[in-house]
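Dear colleague,

I am passing on the structure we spoke about, together with some notes on what turned up in it. Please have the sequence and the coordinates open beside this message as you read.

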Amino acid sequence: MLNNDKISARQVFVVFVMSTFSPATRLLPSLCANYGGVAGWLGPAAAGAALAALMAAMASMFKGSAAPRDLSDAFEAAFGRLGRRAALSVYLLWTLLLYFIYIRYYAERLMGTTFPNVDIRFFLIPMLVLVFIAARGKIEAFARFAEVTILIFTAVFAVLFICFIPSIKPSNLLPVTPYDAPRVAASSLPAIHVWGFFTLFFFLGEHISNRHEIGKYIKKSVIYLVAIATATLVSIIGSLNYKTVTRMPTPFFSATKLIQVVRSFDRMEAILLSLWVVSDFVTILAFAFIAMNIAKKLFGTPDTRPFASPTVLLGYVGGIAVASNGLELESFSANPAVIAVNISLCTLFPLAVCLIVKLKTKKKSVVSR
Amino acid sequence: MELTVFIATALAMCLKDIADIKRSGQARATPAYIAAVSAAVALGAALIPGRGTPSVIGAITAIFS
């Protein structure tokens, strides 16, 4: 039993996996199909190796008695106090931008799929009220909520994948030859872009009770993520063809509409949509918690709770003002420069910090000997 | 109207939060809290009347292109 608003390393992985479901189903199909063509469905497998390396590097940084407590401490160990403040400011702005984008995506998705011509505030306000209540509560409760929903999500996803199987055409997925290796590598970038959010969860480091045990969950979570992402891509590209998928705004939703079991069960997109709302809630709340923890570190306050109301107020303003419409939002997310900035901030920079911290720790231990 | 409701909500939240902060003995958090709420209200006042025109990501894209 964990106390004092702490969560376990396993729960961090669960929250991370749940929070990637929404961006993964929205971004991966069209981007992987665009970058990888027929071989796009192999992108997540290639990205899995990069994710495992990133997770292993982070796990090694937080191991040992003198290890930093969270990413903020790691910044201080690597660049000093001023560097830490500068890095935290950049990460706070980026996390807030992601938070705004995911709030708007949630509303746009509901407007685009089921309720067109409804005022966006009709969706924004209930979600932000829920986020406010959860953000003022314990992170432990949020982690348990994610633990329960991941089971439902996995079960529903497995059923959906089984229903997809009859509509998958092998000719849409094959042939893949060794000459497709560069395209597979390119199609791994969108997956690295989404899965790179993993490092942001280390701003919650103080709340993780067994940080040194992160390494134990790497294999399971990478296998799970790669399997789910590959199954999603195989279902969508396999049933619709990659050329069609690149032109669709919500390919997973559109492909789910095709499902019909024995001419009696159909309209399964309603189940998918409710899962999406739950996943959006987890994603938005995860970014809210991360932003609140970065703000806490930046301003040196003892608790994150005072930042709950400003985060929600900013979420309302940002959700409205972040984009003028859904198309602008989609083109921003698919912009290669944005993907590059996100990969740099969420993957490459933390890896560099990890390397510097390791080198400094090694140097210190050599000097003290 | 929307801006008025937004500012009224922010004010109500602010009063409750400051009371909570004082009650929990975290007076050190007050300046940071006031700065964060002020930023949110200022952003709201600047962006709500425009309703996403120009948008935040539009401005970012314009800066980098």
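A convenient place to begin is A:Leu285, which, once its neighbours within four places in sequence are left aside, is in contact with A:Val131, A:Ala134, A:Ala135 and A:Phe142. Please keep in mind throughout that this is a predicted model.

Several of these names return in the largest nonpolar core, which has 136 residues, and where the most contacts inside the core belong to A:Tyr99, A:Val131, A:Ala135, A:Ile284, A:Leu285, A:Ala288 and A:Ile290. The largest share of this core comes from H3(A), which contributes 20 residues.

The surroundings of A:Leu285 also lead to a pair of packed helices. Helix H4 of chain A, residues 121–136, packs with helix H11 of chain A, residues 269–299, at an angle of about 50 degrees, and their axes are 10 Å apart. Because of that angle, H4(A) is oblique to H11(A), and H4(A) passes H11(A) in a right-handed crossing. On the H4(A) side the meeting residues are A:Met127, A:Leu130, A:Val131, A:Ala134 and A:Ala135, while H11(A) brings A:Phe281, A:Ile284, A:Leu285, A:Ala288, A:Phe289 and A:Met292. Sorted by class, this contact of H4(A) with H11(A) has 11 nonpolar residues, with no polar and no charged ones.

A second pair in chain A can be set beside it. Helix H1 of chain A, residues 9–36, and helix H5 of chain A, residues 139–164, pack at an angle of about 55 degrees with their axes 9 Å apart, and H1(A) and H5(A) are therefore oblique to each other. Here H1(A) passes H5(A) in a left-handed crossing. From H1(A) the contact draws on A:Gln11, A:Val14, A:Val15, A:Val17, A:Met18 and A:Phe21, and from H5(A) on A:Ala143, A:Ala146, A:Glu147, A:Thr149, A:Ile150 and A:Phe153. By class, the contact of H1(A) with H5(A) has 9 nonpolar, 2 polar and 1 charged residues.

Turning to the loops of chain A, three residues deserve a look. A:Val118 lies in the loop between helix H3 (71–113) and H4 of chain A, and A:Val118 is exposed because 12 other C-beta atoms lie within 10 Å, where 12 or fewer is the cut-off for that word. A:Val118 and A:Ala107 are 11 residues apart in sequence and, C-alpha to C-alpha, 10.0 Å apart in space. A:Pro175 lies in the loop between helix H6 (170–173) and helix H7 (181–195) of chain A, and the peptide bond that leads to A:Pro175 from A:Leu174 is cis, with omega near 5 degrees. A:Asn241, in the loop between helix H8 (218–240) and helix H9 (242–246) of chain A, has phi near 85 degrees, a positive value in a residue other than glycine. A:Asn241 is partly exposed, with 16 other C-beta atoms within 10 Å.

Finally, there is the interface between the chains, where 25 residues of chain B are in contact with 22 residues of chain A. On the side of chain B that touches chain A, helix H1 (2–23), helix H2 (30–47) and helix H3 (56–64) of chain B each supply at least two residues, and H2(B) gives the most, with 8 residues. By class, that side of chain B has 15 nonpolar, 7 polar and 3 charged residues.

With best wishes

Key. Residues numbered from 1 in each chain as written. Chains lettered and ligands numbered in written order. Predicted model: local features only at pLDDT ≥ 70, side-chain atom pairs only at ≥ 80, totals over all residues. Contact = placed C-beta atoms within 7 Å. Helix = DSSP H or I, 4+ residues; strand = E, 2+ residues; numbered from the N terminus. Nonpolar A, V, L, I, M, F, W, Y, C, P; charged D, E, K, R; others polar. Axes fitted to C-alpha atoms, helices over the stretch in contact; angles between N-to-C directions. Parallel < 35°, antiparallel > 145°, perpendicular 65-115°, else oblique. Left-handed = near helix turned anticlockwise from the far one by under 90°. Buried ≥ 20, exposed ≤ 12 C-beta atoms within 10 Å, placed from the backbone. Core = buried A, V, L, I, M, F, W, Y, C linked by C-beta atoms within 7 Å.
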